[in-house]
Amino acid sequence: MELRHLEHFVAVAEQKHFTRAAEAMSISQSGLSASIRALERELRASLFVRNTRSVELTEAGRALLCEGRRALAAAEAAKDAVAAVQGLLRGHLTVGLEQCLGMVDVPALLAKFRSAYPGVEIEVRQAGSTPMLDELASGRLDVAFVATAGDPVDGLDLRPLSRESMVLVCAPDHRLAKASGVTLDDLAGESFVDFDPTWGARAISDRAFATAGVAHPVTIEVNDVHTLLALVAHDLGVALVPERIAAKRGDHITVSLAPGTASDWQVSVAVPTGPAASLAADALIGMLPTTAVHA
């Protein structure tokens, strides 16, 4: 099986369109189609269901996609290994980043990395931690800065950078604004402002309320920290957020949660384990302060 055929297959699977995939791969559409047909002949299976507007993966195609991404990631890792032996570091580094993690100045870190390794092309994607962990496992990311409750993830190495408590934020005139500490039972009947379910803080909140058996009706869902705090300050709902986010400037009030109410919010740098691990990712992590990473 030729790697270029796998590369073309993954491009079509991600673009769901032959023309867009051909443009992304800088290949003619006829050449791309011929490459896919050759792969299908070799595997003796149809990989796509084609129609006039888009293409969808067949069952065989879905089975190939995950392993194909892994194979391409492993091939890139092999190239990096040879380059490292030659005293070079080349290739491509794809970095994932959830918003407002705060522990690491990622732009400064990437600038330092680019200065040290100009032969490595850097790509950055910002998203919630949940899909980024999936993309790491599938080989679509090389390294990611994520926020979770710190639970182990199969196939990934999560190296903690910081850990802090979740707190309640509410409006200054909210009934709990002067409380010394609250439990989830105290929040029964409240409406909540919260992040998209893919964010680490949202996942921690959802799990805490589910475990306590307390309703957690999210009436306003946002993808921005400052918007969340402004909505809370105007008494449009309350929210559970990490201390780091609560400390940002705003007119909200911060109230502590009773011990054991919710899991801590852990910021980690995550990389795949095994042969898919990237030498460039290791080099990037090596530039973090030695006191920050607890392997």
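**Packing of helix H10 and strand pairing**

In the predicted model, helix H10 spans residues 279-286, and its buried residues are Ala 280, Ala 281, Ala 283, Leu 284 and Ile 285. These buried residues of H10 pack against one helix, H5 (106-116), and against the strands E3 (91-97), E4 (120-126), E5 (143-148), E6 (156-164) and E12 (265-272). At the start of H10, the backbone nitrogen of Ala 280 lies within 3.1 Å of a side-chain oxygen of Ser 278. Ala 280 thus appears both among the buried residues of the helix and in this contact with Ser 278.

Three of the elements packed against H10, namely E3, H5 and E4, are also linked by chain connectivity. Strands E3 and E4 are paired in the parallel sense, with seven bridges between them. Within this pairing, Gly 96 has Arg 125 of E4 as its bridge partner. The chain passes from E3 through H5 to E4, forming a β-α-β crossover that is right-handed.

A separate description applies to the strands E10, E7 and E11, which form an open sheet in the order E10-E7-E11 with antiparallel pairing. Strands E10 (239-242) and E11 (253-256) occupy the edges; each has a single partner strand, and therefore one side of each is left without a neighbour in the sheet. From one strand to the next, the twist averages 45 degrees. Strand E7 (residues 166-170) is joined to E10 by four bridges, the two strands running antiparallel. Leu 168 is positioned opposite Leu 240 of E10.

How values were computed
Residues are numbered from 1 along each chain as its sequence is written. This is a predicted model: local features need pLDDT of at least 70, side-chain atom pairs count only at pLDDT 80 or more; totals for chains, interfaces and linings use all residues. Side-chain values use heavy atoms; hydrogens and water are left out. Buried means under 20% relative accessible area, exposed over 50%, partly exposed in between (1.4 Å probe, protein chains only). Contact means heavy atoms within 4.5 Å. A polar contact is a pair of N or O atoms within 3.5 Å; within protein, one must be able to donate a hydrogen and the other to accept it, and residues adjacent in sequence count only if both atoms are side-chain atoms. Two strands pair if DSSP finds at least two bridges between them. Axes are lines fitted to C-alpha atoms, for helices over the stretch in contact, and angles run from 0 to 180 degrees between N-to-C directions. A crossover is right-handed if, with the strands pointing away from the viewer, the path from the first strand over the helix to the second runs clockwise.
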